[in-house]
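Please look over the model below, and then work through the questions that follow it.

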Amino acid sequence: MKFVDLHRDPWHALGGEDGPPVSINPDPYLLLDLSQWHAARAAWPLDVPVGLKLANDQDVEDVAADLPRFALVALQFPKWTDGRAYSQARLLRSRWRFAGEVRATGEVLVDMLPLLARTGFDAVQLRADQSRDAAERALGFFRGHYQGDVRDNRPLFAQPAGTAERLAREQDFVHHGASI
Amino acid sequence: MYQYTAFDRQFVHQRAAQFRDQLERHLAGRLPDDEFRALRLQNGWYVQRHAPMLRIAVPYGELAARQLRALGRIAREYDRGYGHFTTRQNLQFNWIPLNRGADVMDALAAVDMHGIQTSGNCIRNITSDALAGIAPDEVVDPRPYCELLRQWSTLHPEFAFLPRKFKIAVTGAREDRAAIGWHDIGLHLKKNEAGEIGFKVLVGGGMGRTPVIGTVVREFLPWQQILVFIEAIVRVYNRYGRRDNMYKARIKILVKAEGQKFVDAVAAEFAHILNDDVDGAAHLIPQAEFERVNASFALPEGVGEAGAPASAPTETAPAFRRWLERNVHAHRLPGYRAVTLSLKRAGQPPGDVSADQMDAAAELAERYSHGELRVTHDQNLLLPWVRESDLAALWKAARAATFATPNIGLLTDMIACPGGDFCGLANARSIPVAAEITERYTDLDELWDIGDIDLHISGCINSCGHHHSGHIGILGVDKDGKEWYQVSLGGSDGSTLSGASVPGKVIGPSFAADEVADAVEAVIGTYKAQRAANERFIDTVRRIGLEPFKGPANAARRSTAHAA
């Protein structure tokens, strides 16, 4: 999981006035919303990296054909308890094979990390007050899960024989380690 | 019953460790109330009127005696010595201080228990028929399917923050004892003409402010596909369910609004998963996995498919005969019976059990039922493996332990939520209403004369007491800071006795708290006066309609007389 440092992050939104822009210069690492992308699409050079900011009520299907052109798709959590972007990420990866960065933005809290990692996000822009240490710890509580996920859609029952037993043993080992 | 594997066991311990981390951050001021809320809810922790309430999952109602003893220990050590069984087959504690919460989760994990997804806007604990695996009218034992669904839905990463809560109920018998029409997803296991097993799938049932009965979206879905099909349903709901208004956020509203478009969207999503997604068929359940899970549900050691020698009890005490008739149920194995331990008795709220009673019930289960119990949808306990020859001894022991009130299915076997005495959501109290009615009907002859009847009491529109599905439903409402009660008649949970699932109809303006028991008595009186020979309450209501009940009920009004 990549933790986005906004000071070093090359991605930036289009500056200037609100509303649909008259013309968009193909600046590298521009992060466009859907209407901006539609305006810029025809003239955008294939070798200039561009990102898409998708609202959580916009359908992934509607941009499916353009996905190969994006280096990044930024999904939104306007409220952290609004789980629509988990489904969007899952569809981007599993259905549309999107291979670029899928970034979580908005109200991104450390306790969302296990869900984000499992639904296809590979980058998070944590809310400013969140602790990176806590976020990394949040990723480490479970050795395995029952259902498959975007990293490996095979559920526990479809994993090679002995996987469940091995995972249970590993956790034992971790517990022993912690108590020493 | 299901036997935890080493993986399952580690999983609940890991969950307890995760909760401890979250709780510690919260108590240290690093995780504010607002953000901790959704996390604690998904572990069963509500903040209630007096203290946090902890809801513990009893998956599809199956409980081991050793687990019940552990719950008794928790009740003594952390709570004020009692717990409450719910209509969703869970157990709630009411007085555990939050700062001891992590220790309680560890204690639960030690006996393969947890509070995972017993609350929050996620897929909740799956409920089923309390007679699963033992009912004579069963076509397919639903428990292995429930367990497969439990595992699949547990910490599903995509579906932890749905628009609203999501409840699944499964039955495999001819008679629906799990009220599947009232659930977000209702599953009815059946066999087709070729003898293959599949599910009838209902979607979009629910109670609350807008009672709706589920719509059939598939008449027969091969069982192997159930996880994928539910994934399709829940994904469509997660994407398109309303989030702007909490009261319109359940899937029932989406299903109602979209109709056939919803059904088509689910079918399309289902096909996409299988045809287009990376490893999309991975959640089709292989026979070997079914067999692995199903092995847990083999008959308990010492119980054979041949059953036990028939042994009709010789005890002739009239009280025993009554108990036999009401609390003892037929079993698919000859020589065996299922026995309900009634948690409906004067002096205790419906579904409540003290720590001592938990121990007593655990002991009865160990002595007479191979250490297994069930929590029923009607808030009782049930012993699934009782030998006919033990019935008389069990009756005596159950009587000594306060569990032998022969009232199962009768008026005092009512469903009631904890209501305003405990619940932070409630508009009105349920327990005093339940108590008043219980006290009025202590005469067994009278109760028996009234016969089969479902009385359901909810303290608010969230409908935890299932008032919509009661033959008599009582709903607590708040007006001007006072408690009022709406009375409805003719609801059904979908059982054979009650008929097709349907919400009851309100009989008039709300009653004041001190009128509601009189109103119920007037309704019962009207039934007794109007019934045909051997006609049950619900049938009389259906035959004569609501009108004849209104006058007598209104006559019970005092403070609300002007309103009626």
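Q: In which order do the elements of chain A run from the N terminus on?
A: In this predicted model, chain A has five helices and seven strands. Read from the N terminus on, these elements of chain A follow the order β-β-β-α-β-β-α-β-α-β-α-α.

Q: What does the C-alpha trace of chain A span along its principal axes?
A: Chain A holds 180 residues, of which 37% are buried, and among its contacts with a separation of 6 or more, 45% are made by residues 24 or more positions apart. Along the principal axes, the C-alpha trace of chain A spans about 65 × 35 × 30 Å.

Q: Are α15(B) and α17(B) oblique or roughly parallel to each other?
A: Helix α15 of chain B covers residues 516–530 and helix α17 of chain B covers residues 547–555, and the two pack with their axes 8 Å apart, at an angle of about 140 degrees. Angles over 145 degrees count as roughly antiparallel, those under 35 as roughly parallel and those from 65 to 115 as roughly perpendicular. The angle of about 140 degrees falls in none of these ranges, and α15(B) and α17(B) are therefore oblique.

Q: How many charged residues does the contact of α15(B) with α17(B) have?
A: The crossing of these two helices, α15(B) and α17(B), is right-handed. On the side of α15(B) the contact includes Ala519(B), Val523(B) and Thr526(B), and on the side of α17(B) it includes Pro548(B), Phe549(B) and Ala553(B). By class, the contact has eight nonpolar and three polar residues, while the number of charged residues is given by the word no: no charged residues.

Note on methods
Residues are numbered from 1 along each chain as its sequence is written. Chains are lettered from A and ligands numbered from 1 in the order in which they are written. This is a predicted model: local features need pLDDT of at least 70, side-chain atom pairs count only at pLDDT 80 or more; totals for chains, interfaces and linings use all residues. Axes are lines fitted to C-alpha atoms, for helices over the stretch in contact, and angles run from 0 to 180 degrees between N-to-C directions. Helices (H or I, at least four residues) and strands (E, at least two) are DSSP runs, numbered from the N terminus. A crossing is left-handed if the near helix is turned anticlockwise from the far one by less than a right angle, and right-handed if clockwise. Two residues are in contact if their C-beta atoms, placed from the backbone, lie within 7 Å. Ala, Val, Leu, Ile, Met, Phe, Trp, Tyr, Cys and Pro count as nonpolar, Asp, Glu, Lys and Arg as charged, and the others, Gly among them, as polar. A residue is buried if 20 or more other C-beta atoms lie within 10 Å of its own, exposed if 12 or fewer, and partly exposed in between; C-beta atoms are placed from the backbone.
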